[in-house]
Amino acid sequence: MSIWTYRGLRGGVKTVGWPLDEVPGMKGLPVPNVDRCPEGCDRCARSCPTEAITIDEGAVELDHGACIDCNLCVEECPFEVLTRPTSLTRANSDRDALRRSYNVEPAPPTLQPTKGQRRLRKSLFVRHIDCGSCNGCESEIAALDNPYYNLHRFGVFFTPSPRFADVLLVTGPVTSPMYDPLVSTYEAMPEPKYVIATGVCAISGGTNGGGYNAHRGLGGVVPVDLWLPGCPPHPAVIADALLALVGRA
């Protein structure tokens, strides 16, 4: 008997409760705090490897759709302009809503499921396709099936066939060899079908997007219904996005 099986049997049921907004030891993506940014300072923008931070006339804008959660901006700033909240960063149906601005309150998630999406409340079948990911997102997606998160209790299942899928979960910046398989998978899905751009690479390309052999995410490739930030996104955020898509979050 493996040690983790023994500990599970000894400790009893370990499936986490739901909804889950906070996870011990885990935090959301950085957010700008108001009234702390000194004039002329651009340390955070210069430290960002993905150019997720821009400064325009003293105003800081941080794009969660490009943030790889390296934490360099938080470490570089001596004024604590950028901090990490205790609540997890959620998905949004509006790509522009993932941008957080200095002196502007964060926009609430715009997740209003359509009538067709609400019909999928009882059961949801998900087809995952890796379009050039580093496998960080795949590790988090695999965790959804373990006893701790137990995604099946919500009636959400992964399927290997696009012909049975309601949702296409895409990771990676969409490399050139994966462009045609992605489009073919999307076209093979029955209507109604929905797409979730999972992780920074699928949203904006991350560190590898835009090169000679990769696109900058799903924009312009297939229609996207939900933008899911994180590098990689936490399993709780992925589960929350799947449930939010059909109005069950």
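Is F154 buried or exposed? That was my opening query, and I put it to a predicted model. F154 turns out to be buried, because its relative accessible area is 12%, and the cut-off for buried is under 20%.

**Entry: around F154**

I looked up where F154 sits and found it in the loop between α5 and β7. Next I listed what F154 touches, skipping its neighbours within four places in sequence. The contacts are W18, K122, Y149, L243 and R248. I also checked one long distance: F154 and A214 lie 60 residues apart in sequence, and their C-alpha atoms are 35 Å apart in space.

**Entry: H234**

I went to another loop, the one between β10 and α8, where H234 has its place. H234 counts as buried because its relative accessibility is 10%. Which residues are in contact with H234, leaving aside its neighbours within four places in sequence? I noted V23, M26, L88, E140 and Y149. Y149 was already in my notes as a contact of F154.

**Entry: the cores**

I then pulled up the largest nonpolar core and found 30 residues in it. L124, V156, I196 and L242 have the most contacts inside this core. Which elements each supply at least two of its residues? I wrote down β6 (124-130), α5 (136-143), β8 (167-171), β9 (194-198), β10 (226-228) and α8 (235-245). Of these, α8 gives the most, with eight residues.

I followed L242 a little further. Not counting residues up to four places away in sequence, L242 touches L124, V126, L151, V156, V167 and I196. Three of the names I had noted for having the most contacts in the core, L124, V156 and I196, come up again in that list.

There is also a second, separate core, and it has 19 residues. Among them are L168, L182, M189 and V221.

**Entry: helix α6**

L182 sent me to α6, which spans residues 176-188. Here L182, T185 and Y186 are buried. They sit on the same side of α6, because they cover an arc of only 95° around the axis. That fits the general pattern: an α-helix has 3.6 residues a turn, so residues three or four places apart point the same way. Which residues are exposed on the other side of α6? My list there reads P177, D180 and E187. I also checked what covers the buried residues of α6, and the cover includes β6, β8 and β9.

**Entry: helix α5**

I did a similar check on α5, where G136, C137, E138, I141 and A143 are buried. They pack against β6, β7 (156-158), β8, β9 and α8. So far α5 has come up as a supplier to the largest nonpolar core and as one end of the loop that holds F154.

**Entry: cavities**

Last, I searched for enclosed spaces. How many cavities of 30 Å³ or more are there? I got two.

The largest cavity has a volume of about 80 Å³. Its lining is made of 14 residues, and C48, C67, I68, C70 and C73 lie nearest its centre. By class, I noted ten nonpolar, three polar and one charged.

The second largest cavity has a volume of about 50 Å³. C37, C41, R43, C44, C77, F79 and V81 line it. This lining has six nonpolar residues, no polar ones and one charged.

How values were computed. Residues numbered from 1 in each chain as written. Predicted model: local features only at pLDDT ≥ 70, side-chain atom pairs only at ≥ 80, totals over all residues. Heavy atoms only, no water. 1 Å grid on protein atoms, 1.4 Å probe; cavity = no way out; pocket = protein on both sides within 12 Å on 5 of 7 lines; lining within 4 Å. Points joined across faces, edges and corners; volume = space filled by probe spheres on them. Nonpolar A, V, L, I, M, F, W, Y, C, P; charged D, E, K, R; others polar. Core = buried A, V, L, I, M, F, W, Y, C linked by side-chain atoms within 4.5 Å. Buried < 20%, exposed > 50% of the residue type's maximum accessible area, 1.4 Å probe, protein only. Helix = DSSP H or I, 4+ residues; strand = E, 2+ residues; numbered from the N terminus. Contact = heavy atoms within 4.5 Å. Arc of directions from axis to C-beta.
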